[in-house]
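Q: Please take a close look at the strands of this structure and how they pair, and then at how the parts of the chain meet. I am new to this structure and would welcome one connected account.

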Amino acid sequence: MAISGSGPSWSVAAEYRKFRCRLRTPTGRIAFREYRAGQDDTVKIDRVEIREIRMRLREPFEGSTGASHNRRVLLVALHSDGITAWGECVAGETPAYSYETTDTAWAILTDLILPKVAGAVMETAADLLPAFEGIRGHPMARAAVEMAAWDLEAKAGGGSLASLLGGVRDSVPVGVSIGLQRTDEELHRKVTEYIDEGYERIKVKIKPGRDVEMLRGLRDRYPDVPLMADANSAYSLEDLPRLRELDALGLTMIEQPLAHDDYLDHARLQSEMETAICLDESIRSVRDAQLALELGACRIINIKPGRVGGLSSARAIHDLCVEHEMPVWCGGMLESGVGRAHNVALASLPGFTLPGDISASRRYWSEDIVTPEFVLDGGTVSVPSGPGIGVDVREDLLAEWTVRRADF
Ligand code: OSB
Ligand code: MG
């Protein structure tokens with residue numbers, strides 16, 4: 001099944017270009033000022049707070065690079081004149097998906113970024129760029145602050161984050177990402193469970209030895225379900241014969257089969273495959289997306305704001321992809337409700353035509369840190385319409401789950 005057949009309608013792209021043009025002022029800035037109640041558009045960040053909270057996934061989540069069970073989540077809070085705005089750092093516990101970890105992000109944030117953010121005056125998230133000067137890389141650390149700044153800007157203006165970003169949907173299509181299971185029977189049981197819950201697209205993790213036969217069994221059992229596979233860089237071009245066997249299974253896409261920094265081999269692979277290649281780890285910036293487009297390294301991009309340095313970068317990648325008629329979708333990093341809220345807002349942009357890895361809170365957690373929790377409704381998740389991210393952080397759970405905290 002080629003993506004061109006089942007992909008988005010690209011009149012969406014044309015409509016979106018018009019829409020963005022209307023939103024731009026002569027200086028090229030996004031005209032969000034109409035949301036604002038007061039005369040002065042700037043806000044002062046009075047106080048900054050960072051917390052590490054521990055959240056135990058309802059069950060371990062295993063990919064080709066290892067398993068995750070106890071999430072160490074960093075939450076950043078920006079306090080401004082009675083408003084609290086939130087961002088989440090998506091770095092993992094180990095440097096497996098990215099070189100960043102909870103601990104490297106904590107160090108970068110507390111040593112270098114947050115001291116500069118405290119006391120800063122901002123109108124838009126871009127005004128915090130000076131706080132990131134002199135820091136190469138570490139996009140996940142930066143994103144935690146950048147996304148909180150977007151929440152602050154939206155809350156200060158009284159509008160939702162989704163509308164501030166230019167979102168056009170009030171609910172977004174979502175799928176579910178299923179980790180490696182011990183047996184095919186267990187995988188089938190999980191898939192059945194999620195389909196019964198209403199998920200309309202299933203992604204499964206694969207690795208060498210748990211791929212072609214496993215997916216063929218799944219395809220035989222569910223001939224019509226949109227299926228995709230995520231390898232998290234478990235293959236090389238030497239595996240081409242095996243990867244080509246996946247072409248017969250009608251997958252919507254194969255996510256990140258090769259190394260995180262190997263654009264050239266992904267381009268070679270894409271030219272040998274019918275199935276669309278989707279890049280995840282490889283895309284950390286607009287420049288990476290340009291490179292992938294230029295080389296033909298993929299036909300789909302997975303955008304995670306936490307991976308690309310925040311929402312401004314995520315939206316710019318989205319805009320570039322819309323321009324080039326490349327479908328995008330919003331990935332996930334096993335976020336708490338805070339990061340999930342940001343992802344949902346982003347996914348309301350018009351180019352996000354494929355279902356995201358933005359499952360309901362209870363797919364991950366017995367209890368989420370936000371209220372209301374995210375729930376599944378007919379294969380979609382609703383985009384909150386309240387101010388900013390549109391969900392509240394639960395102070396009771398925050399106090400209970402915090403293992404360290406720093407204030408600026
Ligand atoms: O590769 O997309 C990935 C989770 C953690 C790190 C990387 C990935 C994932 C997922 C799960 O696939 C996505 C989710 O449901 O949050
Ligand atoms: Mg992935």
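A: Two strands pair if DSSP finds at least two bridges between them. In this predicted model, strand 10 (residues 254-255) and strand 11 (residues 277-279) are joined by two bridges and run parallel. Within this pair, Glu-255 is found opposite Cys-278 of strand 11.

Strands 10 and 11 belong to an open sheet of seven strands, whose order is 7-8-9-10-11-12-13 and whose pairing is parallel. The sheet is bordered by strand 7 (176-178) and strand 13 (328-330), the edge strands, each of which pairs on one side only.

Strand 2 (residues 47-63) offers an antiparallel arrangement, with 13 bridges to strand 3 (residues 66-80). A hairpin of two residues connects strand 2 to strand 3, and Arg-51 has Leu-75 in strand 3 as its bridge partner. Strand 2 is also joined by five bridges to strand 17 (residues 402-407), again antiparallel; there, Ile-50 stands opposite Ala-406.

As for the parts of the chain, the protein is divided into domain 1 (3-11 + 163-392) and domain 2 (43-159). Their centres, taken over C-alpha atoms, are 22 Å apart. The contact involves 34 residues from domain 1 and 34 residues from domain 2. On the side of domain 1 that touches domain 2, the elements giving two or more residues are helix 5 (161-165), helix 11 (311-323) and helix 12 (337-347). Helix 12 gives the most, with three residues. By kind, the residues on this side of domain 1 comprise 15 nonpolar, twelve polar and seven charged.

Note on methods: Residues are numbered from 1 along each chain as its sequence is written. Chains are lettered from A and ligands numbered from 1 in the order in which they are written. This is a predicted model: local features need pLDDT of at least 70, side-chain atom pairs count only at pLDDT 80 or more; totals for chains, interfaces and linings use all residues. Helices (H or I, at least four residues) and strands (E, at least two) are DSSP runs, numbered from the N terminus. Domain bounds come from an automatic or database domain assignment. Two residues are in contact if their C-beta atoms, placed from the backbone, lie within 7 Å. Ala, Val, Leu, Ile, Met, Phe, Trp, Tyr, Cys and Pro count as nonpolar, Asp, Glu, Lys and Arg as charged, and the others, Gly among them, as polar.
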